[in-house]
Amino acid sequence: MKIGVAKEIKKHEYRVGLTPANAKAYINAGHEVTVEKDAGANAGFPDEAYVAAGCTIEGDTKTLFDNADMIIKVKEPQPCEYDLFHEGQILYTYLHLAADEAQTKALMARKVKAVAYETIEESGNHLPCLTPMSEIAGRLSIQEGAKYLEKPYGGRGVLLGGVPGVPRGKVAILGGGIVGTNAAKMAIGLGADVTVLDISAKRLSYLDDIFETRITTLYSNEENIELVLKESDLVIGGVLIPGAKAPHLIKKKHLKLMKPGAVIVDVAVDQGGCVETTRATTHDDPIFEIDGVIHYCVANMPGAVALTSTLALTSTTLYYGLALANKGLETAVKESAAIKKGLNIYNGACVYKPVADALGIDYTPVDELIS
């Protein structure tokens, strides 16, 4: 297969879809890898490293797309990239289609075979290609939230860890999954007063066990959400329904319950956000204020730590990408239940039900198209 590694053009996205070591793995398997010029530079991987691994460097984006059987990216295609795709081409990247009707319809119109990192799912509801970025985003959420609690940014002026004789800052984390667990680790490490909310009693029991007396756990319902919103300095939205639009657990009316200068970090922004007032922001303009509450809603948080993120991401995506390249998409889908769940768009059809349900478009089961 001819593999094309595209340079990310989303604002402040510095990651790259393959490291030179990853590219060499494809080449050793008999594939050709072409990397767009400077695609890895911002993540610490210069063109020379790709050439040394056996790759070709291409300066023209259209040529890269025209010649590739499979395009590997990190973030979803931007509108100016839609027309670069051709029928039958495999797209392997994060997609987050449930919150993006325009992209979904564009990929359907181009008859792309689109495999989403975030919906590749192994047994036990394990999302191997989403997990490392959720870990990073969870940890960053506390780092960023702590910064924007500072008074110069409009925050309350609260130090999360406090100091002797002064109350610690209060952190509420909605969702006890990968994002929430990693946010809790960081918040505890800073010395904050941490509460985690989740709908799963089993998950709350697990978190209570691993963090012992260092956190408070609450069942997630409207009453408890309102309770923590009144008390918290920093709220982390870490709710995930794989591939589907995130539920709005915090409504606009709830903001009036919060302290002036409190901060919300909505990690679920890629899937539409779990806060009604969320809108996607960028690293150069990351926050906005509504009803006195600071919102941090950067849609590609891990891009800020591009080297760490690229190494973490590509270590998990390589396995499935090689399966797609070695076997072809159709055979890979038939042989791997995980990759089958990763397939979102195929031959003009939406084959991932949560996306179809979120957007109100027709759903076609994969098995009707690939048997």
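Strands E7 (residues 170-174) and E8 pair in the parallel sense, with five bridges between them. This is a predicted model, and the briefing below follows E8 first, then turns to the aromatic rings.

**Around strand E8**

- E8 spans residues 193-198 and is mostly covered, with five of its six residues buried.
- Within the E7 pairing, Ala-172 has Thr-195 of E8 as its bridge partner.
- To get from E7 to E8, the chain passes through helix H6 (residues 178-190), and this β-α-β crossover is right-handed.
- E8 also pairs with strand E9 (residues 215-219), in the parallel sense and over five bridges; here Val-196 stands opposite Thr-217 of E9.
- The chain runs from E8 through helix H7 (residues 201-211) to E9 in a β-α-β crossover that is right-handed.

**Aromatic pairs**

- The model has six aromatic pairs. One of them is Tyr-92 with Tyr-117, an edge-to-face pair with 4.7 Å centre to centre and 90° between the planes.
- Tyr-92 belongs to strand E5 (residues 90-93), while Tyr-117 sits in the loop between strand E6 (113-116) and helix H5 (131-148), so their pair ties together parts 25 residues apart in sequence.
- Both Tyr-92 and Tyr-117 are buried.
- Tyr-148 and Tyr-296 make a tilted pair, because their ring centres are 5.7 Å apart and their planes lie at 35°.
- With Tyr-148 in helix H5 and Tyr-296 in strand E13 (residues 293-296), this pair links parts that are 148 residues apart in sequence.
- Tyr-148 and Tyr-296 are both buried.

**Cluster and charge**

- Tyr-92 and Tyr-117 join Tyr-94 in one aromatic cluster.
- Over the ring of Phe-288 sits the charged end of Arg-279, 4.0 Å from the ring centre.

Key: Residues are numbered from 1 along each chain as its sequence is written. This is a predicted model: local features need pLDDT of at least 70, side-chain atom pairs count only at pLDDT 80 or more; totals for chains, interfaces and linings use all residues. Side-chain values use heavy atoms; hydrogens and water are left out. Rings of Phe, Tyr and Trp (its six-membered ring) pair if their centres lie within 6.5 Å; planes under 30 degrees apart count as stacked, over 60 as edge-to-face and the rest as tilted. Helices (H or I, at least four residues) and strands (E, at least two) are DSSP runs, numbered from the N terminus. Buried means under 20% relative accessible area, exposed over 50%, partly exposed in between (1.4 Å probe, protein chains only). A charge sits over a ring if NZ of Lys or CZ of Arg is within 6 Å of the ring centre and within 35 degrees of the ring normal. Two strands pair if DSSP finds at least two bridges between them. A crossover is right-handed if, with the strands pointing away from the viewer, the path from the first strand over the helix to the second runs clockwise.
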